[in-house]
Amino acid sequence: MKITRASVNITSPGRNFVTLKIETGEGIYGLGDSTLNGRELAVASYLSDHVIPCIIGRDPFETEDIWQYLYRGAYWRRGPVTMAAIGAVDLALWDIKGKALNTPVYNLLGGKCREGVLAYAHANGKDIDHALEDVARHREMGYKAIRVQSGIPGLATTYGIARSGEKYEPAERGLPSECEWATEPYLRHVPKLFARVRQVFGEELHLLHDCHHRLTPIEAGRLGKELEPFHLFWLEDPAPAELQQGFKVIREHTTTPIAVGEVFNSIWDAHDLIRNQWIDYIRMTPSHAGGLTQLKKVADFGALYHVRTGCHGATDMSPVCMAAALHFDTAIHNFGIQERVPHSEETDAVFPHHYTFKDGLMLAGEAPGLGVDLDEALAAKYPYQRAYLPINRKLDGTLTDW
Ligand code: KDG
Ligand code: MG
């Protein structure tokens, strides 16, 4: 079998997605997600101008050699643009392999390790009462695990809070909007939020919270310690992780489990975090982490150190990435949890898929390959629209992590 053609599709059914389609002489094709929120066109060019010409004529079954060719062969290694492009190629090749062998991708990664994949939802509200209402709504939908975020008194904007009546979507059309941030009110507020959530919903529900890289390690240690009575499933991205050693400080101050890695794109980003047991969950996801070929290695490395997985699954991971994550979650032993933020109806129509959600669990489905398609005629009705993630400033105007 040979790769005969490959093309990049950019569509915006409510938000932007970049999808790679790799075709073979046998008529089998595979899809890969390479969406990089706010930097979509850079990956599209990387694929069209630099990657596609190199893979025409290759055997699509050679996933490991093609991965090494694109990673080592570029000389310029790693980085979100490069790795999202390699990730898309890798996912499309696994999709082709599954279709050619007439089996779901999870069977190629080790076979079923579980019947269903535990998924967590996002609940949020402009204040604690509204957040509690949203937790109740998600519990009614069957979720056993819920991430809870709430507005912070005194701050006009906070990460993860939807405008009233709308679904939360961080990227906004046009140029970057500006948010504001103050650490002290946040640190005072979050323990109050989780005290109320536990008081109202009891001990059974798994609770998660995302700090979105906004704290220093010692501030994160304080928050983790104050959240200990509420037994979180995880505290996510407590601090930026370029300094992996910073997580040693967090670890030394709290037993709250720590999750990190949605912005990582290489196994090396997580190397010290994992081998020193400074984290409990690794959040890398197939599209951004160079595909299933690298993510499987990350999971196997994590398994040696009691680190479990928690793939990033916000709306900027297209249904192609979500499907790949679910096949991975089904097949690896040290799976932890899967993030689920449902896509819009328009997006689901552009990407018909076989994965499902029921009673708090997701199922990858039994279709050969990844089990996702791209309706190119429908996608063409939603042209690319420039969109950016917001930037964040402290109250005195200093630019800070968003
Ligand atoms: O593109 C950025 C989003 O994917 C991110 O803000 C979502 O932190 C996020 C999460 O945990 O889903
Ligand atoms: Mg996050």
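Below are legends for several close-up views of a predicted model.

The model is predicted, so local features need pLDDT of at least 70 and side-chain atom pairs count only at pLDDT 80 or more, while totals for chains, interfaces and linings use all residues. Residues are numbered from 1 along each chain as its sequence is written, chains are lettered from A and ligands numbered from 1 in the order in which they are written, and side-chain values use heavy atoms, with hydrogens and water left out.

**View 1. The hairpin of strand 1 and strand 2.** Here strand 1 (residues 3–11) and strand 2 (residues 17–24) run antiparallel, joined by 8 bridges. Strands are DSSP runs of E with at least two residues, helices are runs of H or I with at least four, and both are numbered from the N terminus. Two strands count as paired if DSSP finds at least two bridges between them. Look across from Arg-5 and you'll find Glu-23 in strand 2. The hairpin leaves 5 residues between its strands, and Gly-14 in the turn has a positive phi of about 100°.

**View 2. Ile-22 and its neighbours.** Ile-22 sits in strand 2. With a relative accessible area of 0%, Ile-22 is buried (buried is under 20%, exposed over 50%, partly exposed in between, using a 1.4 Å probe and protein chains only). Leaving aside residues up to four places away in sequence, Ile-22 touches Ile-3, Arg-5, Ala-6, Ile-28, Tyr-29, Gly-30, Ile-55, Val-89, Ala-92, Leu-93 and Ile-96; contact means heavy atoms within 4.5 Å. Ala-92 is 70 residues from Ile-22 along the chain, yet their C-alpha atoms are separated by 6.3 Å.

**View 3. The magnesium ion (ligand 2) and its protein donors.** Asp-210 (OD), Glu-236 (OE) and Glu-262 (OE) are the protein donors, lying 1.9 to 2.2 Å from the ion. Donors are N, O and S atoms within 2.8 Å of the metal (3.2 Å for Na, K and Ca), and since water is not among the atoms, sites may look incomplete. The donor residues follow the spacing D-x25-E-x25-E in sequence. Glu-236 belongs to strand 9 (residues 234–236), while Glu-262 is in the loop between strand 10 (258–260) and helix 9 (271–275); this pair, 26 residues apart, links distant parts of the chain. Glu-236 is buried, at a relative accessible area of 0%, and Glu-262 also counts as buried, at 10%.

**View 4. His-213 in its loop.** His-213 lies between strand 8 (206–210) and helix 7 (217–227). Its phi is near 65°, a positive value in a residue other than glycine. Most residues other than glycine have a negative phi. His-213 is buried, with 14% relative accessible area. Not counting residues up to four places away in sequence, the residues that His-213 touches include Glu-262, Val-263 and Asp-401.

**View 5. Tyr-75, another loop residue with positive phi.** Phi of Tyr-75 is near 70°, again in a residue other than glycine. The loop here connects helix 2 (63–72) and helix 3 (80–101). Buried or exposed, at 62% relative accessibility? Tyr-75 counts as exposed.

**View 6. Where domain 1 meets domain 2.** The domain assignment gives domain 1 (3–103) and domain 2 (108–368), with bounds from an automatic or database assignment. Taken over C-alpha atoms, their centres are separated by 26 Å. The contact takes 34 residues from domain 1 and 34 residues from domain 2. About 2,600 Å² is buried between the two, and carbon and sulfur atoms give 61% of that; buried area is the accessible area (1.4 Å probe) that two parts lose on being put together, summed over both. In domain 1, Asp-33, Leu-91 and Trp-94 lose the most area to domain 2, together 21% of what that side buries. The count between the domains is 3 salt bridges, each a side-chain nitrogen of Lys or Arg within 4 Å of a carboxyl oxygen of Asp or Glu.

**View 7. An open sheet of 3 strands.** The order is 7-17-18, with mixed pairing. Strand 7 (178–181) and strand 18 (399–400) are the edge strands, each pairing on one side only. Strand 7 pairs with strand 17 (residues 391–394) in the parallel sense over 4 bridges, and Glu-178 stands opposite Ile-391 in strand 17.
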